[in-house]
Amino acid sequence: MSLTRAAITSVGRFLPKRILTNKDLEGIIDTSDEWIVQRTGIRSRHCLEPGLGNSYMASRAAKDCLKRVGVLPSEIDTIIVGTISPDMFFPSTACLVQKMIRANNAWGFDLSAGCSGFLFALTTGTMFIESGRYKKVLVIGSDVNTIYLTPEDRSTYVLFGDGAGAVLLEPSVDPDLGIIDFEKRIDGVGEPYLQVKGGGSRRPATLETVKNNEHFVYQDGKTVFKYAVKNMADVAVAMMERNNLQNSDLDLFVPHQANLRIIEACAKRMDLDISKVIINIDKYANTTCGTIPLCLYDAVDQGRLKKGDRVIIASFGAGFSWGGVYLRWAMNST
Ligand code: ACO
C-alpha cells in the first residue's frame, strides 16, 4: 500500500508593523549596533503592540496562507499552533485562531516545544495527512517573544522578535514530492539553561516571582549555543545520510534562526556552502516558532524554492528540543 505523502501547498506570514533597530535598543539598554551585529547577526526585529496577543498574529498569518492558495477556512480540518507565548494558558491559541478565521469545521491544539514548536507541529500534521484521516492541516508558528524580555538582561533583550508564519499541509499529488523524512528529539537536561521559570504550576505568579524577574526568559547563552550547533547539525546530517543525500544534492538548508554564528557553525559542521542556507535573522531576530515558516516564506518570495527542490529543515529550542525534516518542495514557483 503506497503512503499518502503530506506536502506544503501554501505559505503565509504576519509581521507586526513596529520595527525596532539595534540603534533603537541603544536608547534602552547598554549595548551597541556593532556588538549585536557581530555577536548575533541581528539588525532589527518586529514588535507586536501590547495587548494584542499571539492569536492576532497567528490568525493573520493563517488568513494570508489560505488566501494565497484559494482555500476557504471552512475547508480546514485541523489547526496546530506551535508556540511558547499563547494568549493565555487556556483556551488554546488554536481555538482563538479557529474563531478569528472562521474555520468552522476544524479541531486543533497548541504544541509547546520551545523553538522546535513549528517543526514538531509540521511533522505532527504530516502524520495526520499520512494517516488518511485529515486532508487540510493548517500549521502555524507564532510567537510574541518581546513579552519575555527585560532590559535588565541585555544579552537576551537583543535576541528576540515577534512574528508568525503558517503553512498548509495537504496530500501530495505527486508521490515523489512533499515531506519525506523527519526526526524529533527532546532532552530535559536543557531545563536550567533556557526557561521562563515563573507563571506555571510550580512557580505561579506572586509578588516574589515578579520581583525576581521569573516571568522573563532566562538563558545560559553559551551552553545553549553549544547544544544548538551540535544537535541542529547532527540531525541535519542524519537526515541527509538516511536519505542518501550528498551536499551537492541539497538545494536549501532552513535552520532555526537563533544566532547567525550558530547558523554558520552548523553549515560548517555540515560542510555546506553558506549560499545554500536561508538566513533572515538580520531582519526579524529570533521569532522562536516563527523562524522556520518565515524562512520558507522568504525563500518562496525570493524565488529560492522551485518544485522538486531538496530541502532540509533543522530546529533547536528550549527543553532541549530539536529536530530535522527532509522534504522535496511541492509548490509551483510563483
Ligand atoms: N550589548 C553589549 N554587550 C553585551 C550584551 C549586549 N547586548 N550582552 C552581553 N554583553 C557583554 C557581556 O556582558 C560580556 O561582557 P564581559 O566580557 O565584560 O563580561 C560580553 O558581552 C560577552 O558576553 P558573552 O555572554 O560571553 O557573549 P557571547 O559571545 O556568548 O554571546 C549570546 C551571547 C549572543 C547570548 C550567545 O551566547 C548566544 O546567542 N547564545 C545562544 C542563545 C540562543 O540561541 N537562545 C535561543 C535558543 S532557542 C529557544 O528555544 C528560545
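What volume does the largest cavity have? The answer comes in the last of these legends, about 30 Å³. The model is a predicted one, in which local features need pLDDT of at least 70, side-chain atom pairs count only at pLDDT 80 or more, and totals for chains, interfaces and linings use all residues. Residues are numbered from 1 along each chain as its sequence is written, and side-chain values use heavy atoms, with hydrogens and water left out.

**View 1. The ligand and its shell of 27 residues.** Thr31, Arg39, Cys115, Lys222 and Asn259 are the closest of these residues (a residue counts if one of its heavy atoms lies within 4 Å of the ligand). Twelve of the shell residues are nonpolar, ten are polar and five are charged (Ala, Val, Leu, Ile, Met, Phe, Trp, Tyr, Cys and Pro count as nonpolar, Asp, Glu, Lys and Arg as charged, and the others, Gly among them, as polar). Domain 1 (6–173) and domain 2 (179–328) both contribute residues, so the ligand lies between them.

**View 2. Polar atoms beside the ligand's oxygen atoms.** Look for the side chain of Asn259, where a polar atom sits 2.7 Å from an oxygen atom of the ligand. Arg261 places a side-chain N or O atom 3.2 Å from a ligand oxygen atom, while Ala318 has a polar backbone atom 2.9 Å from one. On its own the ligand has 1,000 Å² of accessible area, and the protein covers 75% of that (Shrake-Rupley method, 1.4 Å probe). Among the elements giving two or more residues to the shell are α2 (33–40) and α9 (260–269), and α8 gives the most, with four residues (helices are DSSP runs of H or I with at least four residues, strands runs of E with at least two).

**View 3. The second largest pocket, with about 430 Å³ of space.** Here 20 residues form the lining, and Thr9, Ser10, Val69, Met331 and Asn332 are the closest to the centre. β1 gives the most to this lining, with four residues. Both domain 1 (6–173) and domain 2 (179–328) give residues to the lining, so the pocket lies between them.

**View 4. The largest cavity, lined by Ala7, Ile8, Gly178, Ile179, Leu327, Arg328, Trp329 and Ala330.** Two or more lining residues come from each of β1, β8 (178–186) and β13 (321–328). By class, the lining holds six nonpolar residues, one polar and one charged. As promised, the volume of the largest cavity is about 30 Å³. On a 1 Å grid over the protein atoms alone, a cavity is a set of points where a 1.4 Å probe fits but cannot get out, a pocket is an open set with protein on both sides within 12 Å along at least five of seven lines, and lining residues have an atom within 4 Å of a point. A volume is the space filled by probe spheres set on the points.

Definitions and conventions. Polar contact = N/O pair within 3.5 Å; in protein donor to acceptor, adjacent residues only side chain to side chain. Domains from an automatic or database assignment.
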